[in-house]
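This report describes the fold statistics, aromatic contacts and selected residue environments of one protein chain. The sequence and the coordinates are shown first.

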Amino acid sequence: MSATLVSLVLLLLLPVSLLAQRIGTLTVVEGELHVIRNTAVLRASQGARIEWGDILEMGGRGFAQVECDTGAIVALGSASQLFFFSHSGYSGASGGELVLLSGWLKAETTSKGPYLYDTPLLAGKTKEGTLVLHAAPELSEIFVESGSAGIAELTGAGSGSEFRPAKAGQFFSRNRGKNVAVSPRPAGAFIEAMPTPFRDTLPSGLSHIKGKPPEPRREREVTYADLRPWLLMPARWRRDFLTRFESRLDDPEFRRGLESHIRDHPDWEAALHPDKDPSKK
């Protein structure tokens with residue numbers, strides 16, 4: 001049996017859960033990029049793999065690009081926070097769902113699977129299209145650069161209204177507490193603030209990646225301060241966080257952070273004080 005065939009057989013024998021973990025490759029890193037994977041904070045470099053569940057945080061000045069195995073390309077601007085939330089969010093699909101908590105994202109999506117791109121106030125869904133998204137505390141914006149898409153307003157819980165059709169050139173913006181506004185072209189302020197690399201088509205960098213993918217360097221365990229913005233995002237996106245991060249309650253500082261802000265995190269009350277949980281009696 002050839003080495004290639006052996007490798008293929010071993011790959012097919014892997015559990016589906018392991019195969020589904022991988023998203024793609026980090027092909028560009030300019031500046032400081034941290035990844036929260038499981039409960040650890042990692043420093044990632046060019047060539048590293050990116051997995052579902054990863055949280056990417058780009059430093060104050062920088063740019064990162066992930067090339068997905070589906071062919072989609074996702075770029076992250078400076079001071080941006082991105083969560084690779086779920087895989088195969090649509091029945092039989094090979095796409096997924098990504099959450100831009102803050103900052104800038106450009107996504108060039110291919111026909112291999114629909115992707116859903118969320119911000120706190122708006123969501124964009126596309127199978128063959130290019131979207132540029134911007135998220136700020138009180139404002140979400142989506143520009144349909146090319147192709148077609150669907151745009152929906154999101155509730156405070158992260159669920160969406162019915163998607164409305166969107167075509168190339170259209171610009172959608174929504175301030176907190178307001179309905180979405182639609183324009184035939186992006187606002188001047190949006191274009192001016194857009195990261196420079198977003199102004200052109202995102203070039204593939206896969207040909208520059210050679211050899212074994214480098215493992216991200218582990219820096220430390222995640223702290224409450226690291227997680228606080230993510231623990232405050234809509235409940236639908238953090239639905240697995242309690243299970244994922246509960247082991248960090250063994251760390252006194254992490255526990256104190258939650259205790260001191262427990263009004264912001266009522267879903268952690270039972271984990272912090274199991275003796276007070278009626279279901280445990």
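The sections below move from the whole chain to individual residues.

## Overall composition

The structure is a predicted model. Its protein chain contains 7 helices and 17 strands. The chain has 281 residues, and 48% of them count as buried. Among the contacts with a separation of 6 or more, 54% are made by residues 24 or more positions apart. The accessible surface of the chain amounts to about 14,100 Å². Carbon and sulfur atoms contribute 54% of that surface.

## Aromatic pairs and a charge over a ring

The structure holds 12 aromatic pairs. In one of them, the ring centres of Trp-104 and Phe-190 are 5.0 Å apart and the planes meet at 50°, so the pair is tilted. A tilted pair is one whose planes are neither under 30 degrees apart nor over 60. Trp-104 belongs to strand S9 (residues 96–109), whereas Phe-190 belongs to helix H3 (residues 188–193), so the pair ties together parts that are 86 residues apart in sequence. Both partners count as buried: Trp-104 has a relative accessible area of 9%, and Phe-190 has a relative accessibility of 1%.

Ring pairs also join Phe-83, Phe-85, Trp-230, Phe-241 and Phe-245 into a cluster. One of these cluster members, Trp-230, is among the buried residues of helix H4 (residues 224–231). The other buried residues listed for H4 are Tyr-224, Asp-226, Leu-227 and Leu-231. Viewed down the axis of H4, the buried residues fall within an arc of 145°, so they line one face of the helix.

A further interaction with an aromatic ring involves a charge: the charged end of Lys-125 sits over the ring of Phe-163, at 4.5 Å from the ring centre.

## Two buried polar side chains

Thr-119 is placed in the loop between strand S10 (115–118) and strand S11 (122–126). Its relative accessible area is 0%, and Thr-119 is therefore buried. The side chain of Thr-119 makes a polar contact with the side chain of Ser-140 at 2.9 Å. Not counting residues up to four places away in sequence, Thr-119 touches Leu-100, Leu-133, His-134, Ala-135, Ser-140, Leu-154 and Trp-237.

Lys-106 lies in strand S9, the strand that also holds Trp-104. What is the relative accessibility of Lys-106? The value is 0%, so Lys-106 counts as buried. A polar atom of the Lys-106 side chain lies 2.8 Å from the backbone oxygen of Phe-198. Leaving aside neighbours within four places in sequence, the contacts of Lys-106 include Ile-73, Val-74 and Ala-75. Thr-130, Leu-131 and Val-132 are also among the contacts of Lys-106. Other residues in contact with Lys-106 include Glu-145, Phe-198, Asp-200, Thr-201 and Leu-202.

## The loop position Arg-199

Arg-199 is located in the loop between H3 and strand S17 (217–221). With a relative accessible area of 42%, Arg-199 is partly exposed. The side chain of Arg-199 reaches the backbone oxygen of Ile-191 at 2.8 Å. When neighbours within four places in sequence are left aside, Arg-199 is in contact with Ile-191, Glu-192 and Met-194. Glu-145, which is in contact with Lys-106, is 54 residues from Arg-199 in sequence and 9.9 Å from Arg-199 in space, C-alpha to C-alpha.

## Positive phi values outside glycine

Two loop residues other than glycine have a positive phi. The table gives their values and locations.

| Residue | Phi | Loop | Relative accessible area |
|---|---|---|---|
| Asn-38 | near 55° | between strand S2 (33–37) and strand S3 (40–43) | 54% |
| Ala-79 | near 50° | between strand S7 (73–76) and strand S8 (81–87) | 47% |

Which exposure class does each residue fall into? Asn-38 is exposed, whereas Ala-79 is partly exposed. The two classes are separated by a cut-off of 50% relative accessible area, with exposed residues lying over it.

Methods:
Residues are numbered from 1 along each chain as its sequence is written. This is a predicted model: local features need pLDDT of at least 70, side-chain atom pairs count only at pLDDT 80 or more; totals for chains, interfaces and linings use all residues. Side-chain values use heavy atoms; hydrogens and water are left out. Helices (H or I, at least four residues) and strands (E, at least two) are DSSP runs, numbered from the N terminus. Buried means under 20% relative accessible area, exposed over 50%, partly exposed in between (1.4 Å probe, protein chains only). Contact means heavy atoms within 4.5 Å. Accessible areas come from the Shrake-Rupley method with a 1.4 Å probe; for residues, only the protein chains shown count as cover. Rings of Phe, Tyr and Trp (its six-membered ring) pair if their centres lie within 6.5 Å; planes under 30 degrees apart count as stacked, over 60 as edge-to-face and the rest as tilted. A charge sits over a ring if NZ of Lys or CZ of Arg is within 6 Å of the ring centre and within 35 degrees of the ring normal. The arc is that of the directions from the helix axis to the C-beta atoms. A polar contact is a pair of N or O atoms within 3.5 Å; within protein, one must be able to donate a hydrogen and the other to accept it, and residues adjacent in sequence count only if both atoms are side-chain atoms.
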